[in-house]
Amino acid sequence: METAIGLAPPGGYHVTSKSDSEPTMNRHRPRTRLDMALQAARAIDGIDIPTDTSRLMRSFSDIGAYTEATYEKAEGLYSTCVVAEGSCVLLGTGNGSIVRRTLVSHAPDEVLLAPRPGVINVVMSIKRHPTDRDLVYAADIEGRIHSCHLAQRQCNVIAQEDGNVTASIDVDAAGARMITGGSDTHVRLYDTTNFNTIRQYQGYAFAMSNNRKTGHTSRIFAVRFHPDRPNICFSGGWDDNIKVWDLGTKHGVVQLLSGPHICGEGIDAMGDLILSAAWTETNSLQMWDLRTSRVVDTIPISDQGNGEFLYCGQFCSPDTVLVGGSGTNGIQAINFRAKQLIREVGFDKTVSSISFCPTSSRFAAVSVGGRLVVGSCRP
């Protein structure tokens, strides 16, 4: 039976069965597929989507040539990040190490963070600094936040979240703040100049309030800053809600997008359009209108009868996304406006993480089986 591992490391997260994840249903379906397509096109066309953002390609036509490698001794790959303007890629492994692989030469791989003998650890999230190409941040299941300096070839622990299995981190567009989320249901906000905690938004069980909007009720697997709105960020996890946070407010949560069962870094934003890549058998890839907190379209996934079950997703252009997961056991480039599969790259096992670098048009994807695929996106 397929299981929702929540990108589970060895000895890590509780395993839930496929039947635990109920697909999100749209109660107001159009009568025909043509009506549905026309309705979705009108809905998305009415949403503010900036076309000049530096986070995206202007256009996306296909996946070009790609290379692959397998890391048999890594105990799986759980996170990846294309860095240094596409010249290398970082890999977060199931043995607690961070590995740098150079893409522009035949230089051997470098271990920036070595595994510790006898310690079960997994690097769950890696994010590049938006302005400093030499700086990368990472988080592991021991609740440690690392800063990795590529030129110095080393990583340092800059924060410790005791009692938390940190599953996701993100950095705002200015590089001034970081958010984190994990097993303890709290959303933490850090100042990246000194890594002091600016604010901690507590999970529902810990909050001094009976309002469920105050925080998550279960593990968090994705946190994401809005690229254009400095105080807006998103979080999602096992409680089937994407929460919209306004960091300028005391309680934080200002909106709920109800339904997505998030088990990996499957949230992204582009203007008023929000992407959710959920671990559900059907209706896993959805587009939301931030202004109304409503689903405006559900994008079909080619799953070959295995169910969709997405873990990760990211916008690449104003009309294209990259997604991956366990039902597909691969990555898919999809034109979400036309609802058309552009290209699919198959993997041996669950795709755990995707990273896209718009300035170089390179992407990287990794699997829990230890496979890495790096390729280019054609405009």
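What percentage of the 379 residues in the protein is buried? Buried residues make up 59% of them, where buried means under 20% relative accessible area, exposed over 50%, and partly exposed in between (1.4 Å probe, protein chains only). The model is a predicted one, so to speak of local features takes pLDDT of at least 70 and side-chain atom pairs count only at pLDDT 80 or more, while totals for chains, interfaces and linings use all residues. Residues are numbered from 1 along each chain as its sequence is written, and side-chain values use heavy atoms, with hydrogens and water left out.

On the whole-chain level, the protein has one helix and 30 strands; these are DSSP runs numbered from the N terminus, with helices being H or I of at least four residues and strands E of at least two. The accessible surface comes to about 15,600 Å², and carbon and sulfur atoms own 47% of that (Shrake-Rupley method with a 1.4 Å probe; for residues, only the protein chains shown count as cover). Taking contacts as heavy atoms within 4.5 Å, 49% of those between residues at least 6 apart in sequence join residues at least 24 apart.

Now for the inside. A nonpolar core here is a set of buried Ala, Val, Leu, Ile, Met, Phe, Trp, Tyr and Cys residues joined through side-chain atoms within 4.5 Å. The largest one has 20 residues, and those with the most contacts inside it are Phe234, Ile242, Val244, Leu257, Ile262, Ile267 and Ile274. Two or more residues each come from β16 (220–225), β17 (232–237), β18 (241–246) and β20 (267–270). Leaving aside residues up to four places away in sequence, the residues that Phe234 touches include Ala222, Val223, Ile242, Val244, Trp245, Ile267, Ile274 and Leu290. Apart from this core lies another, of 17 residues, with Leu273, Leu285, Phe315 and Ile334 among them.

β18 is worth a look of its own. Five of its six residues are buried. Strands count as paired if DSSP finds at least two bridges between them, and β18 has antiparallel pairings with β17 over five bridges and with β19 (residues 253–258), also over five bridges. On the β17 side, Ser235 stands opposite Lys243; on the β19 side, Trp245 has Val253 as its bridge partner. Both pairings are hairpins: three residues separate β17 from β18, with Asp240 in the turn at a positive phi of about 65°, and six separate β18 from β19, with Gly252 in the turn at a positive phi of about 90°.

As for cysteines, a disulfide is a pair of cysteine sulfur atoms within 2.5 Å, and the count comes to one. That bond joins Cys148 to Cys155, S to S 2.3 Å, and is right-handed, with 105° about the S-S bond. Both Cys148 and Cys155 are buried. Cys81 has its closest cysteine sulfur in Cys357, but no bond forms because 8.4 Å is too far. The sulfur of Cys316 is likewise too far from that of Cys377, at 5.3 Å. Cys81 is buried at 3% relative accessibility, and Cys316 at 0%.

Lastly, Asp184 sits in the loop between β13 (177–182) and β14 (187–191). Asp184 is buried, with a relative accessible area of 12%. Its side chain makes a polar contact with the side chain of Arg188 at 2.6 Å, and a polar atom of that Asp184 side chain lies 3.0 Å from the backbone nitrogen of His186. A polar contact is a pair of N or O atoms within 3.5 Å; within protein, one must be able to donate a hydrogen and the other to accept it, and residues adjacent in sequence count only if both atoms are side-chain atoms.
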